[in-house]
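Visitor: I would like to learn how to read a few features of a structure, one after another. Could we begin with the way a residue is classed by its accessibility?

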Amino acid sequence: MSRTSSAQPDSRDTLRSGLPDRYLTPDDIAQMFGVPLETVYQWRRKRTGPPGFRVGKHVRYDPAEVGAYVAQLKNVDRVAA
């Protein structure tokens, strides 16, 4: 008997446990930060979110750069407090 799980893990746990070793999609970023997909696209247009790059017509995010972006946000919050 095989067991399948339809429950998806909370993708925000990815930020806590380490980022995957594959390039991330805008959907991944939206799920990780708990924001609408349109917010991720607005960050990209305004250049305020994690840096992304294009592969053809697709936008991808380097997990290391996303991690650095999160660290930067945490540092800004600590300095402001």
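Guide: A residue is called buried when its relative accessible area is under 20%, exposed when that area is over 50%, and partly exposed in between. Please keep in mind that what you see here is a predicted model.

Visitor: How does Ala68 count on that scale, and where is its place?

Guide: Ala68 lies in helix α4, which covers residues 63–80, and because its relative accessibility is 46%, a value between the two cut-offs, Ala68 counts as partly exposed. Its C-alpha atom is 9.9 Å from that of Pro51, although the two residues are 17 apart along the chain.

Visitor: Which residues make up the largest nonpolar core, and which element gives the largest share of this core?

Guide: A nonpolar core is a set of buried residues of certain kinds, joined through their side-chain atoms. Here the largest one has eight residues, namely Leu24, Ile29, Ala30, Met32, Val40, Val59, Tyr61 and Val66. Two elements, α2 (26–33) and β2 (58–61), each give two or more residues to this core, and the largest share, three residues, comes from α2.

Visitor: Which residues of α2 are buried, and what does Ile29 touch?

Guide: In a helix of this general kind there are 3.6 residues a turn, so residues three or four places apart point the same way. The buried residues of α2 are Pro26, Asp28, Ile29, Ala30 and Met32. Of these, Ile29 touches Leu24, Val40, Trp43, Pro50, Tyr61 and Val66, when residues up to four places away in sequence are not counted. After α2 comes Gly34, whose phi is positive, near 65°.

Visitor: How many salt bridges does the structure hold, and are the partners in each buried or exposed?

Guide: As a general idea, side chains of opposite charge can pair when their charged atoms come close. The structure holds two salt bridges. In one, the side chains of Arg22 and Asp28 meet with an N to O distance of 2.8 Å; Asp28 is buried because its relative accessible area, 15%, is under 20%, whereas Arg22, at 43%, counts as partly exposed. In the other, Glu38 pairs with Arg45, and the closest N and O atoms are 2.8 Å apart; Glu38 counts as partly exposed at 41% relative accessibility, while Arg45 counts as exposed because its value, 56%, is over 50%.

Note on methods:
Residues numbered from 1 in each chain as written. Predicted model: local features only at pLDDT ≥ 70, side-chain atom pairs only at ≥ 80, totals over all residues. Heavy atoms only, no water. Core = buried A, V, L, I, M, F, W, Y, C linked by side-chain atoms within 4.5 Å. Buried < 20%, exposed > 50% of the residue type's maximum accessible area, 1.4 Å probe, protein only. Helix = DSSP H or I, 4+ residues; strand = E, 2+ residues; numbered from the N terminus. Contact = heavy atoms within 4.5 Å. Salt bridge = Lys/Arg side-chain N within 4 Å of Asp/Glu carboxyl O.
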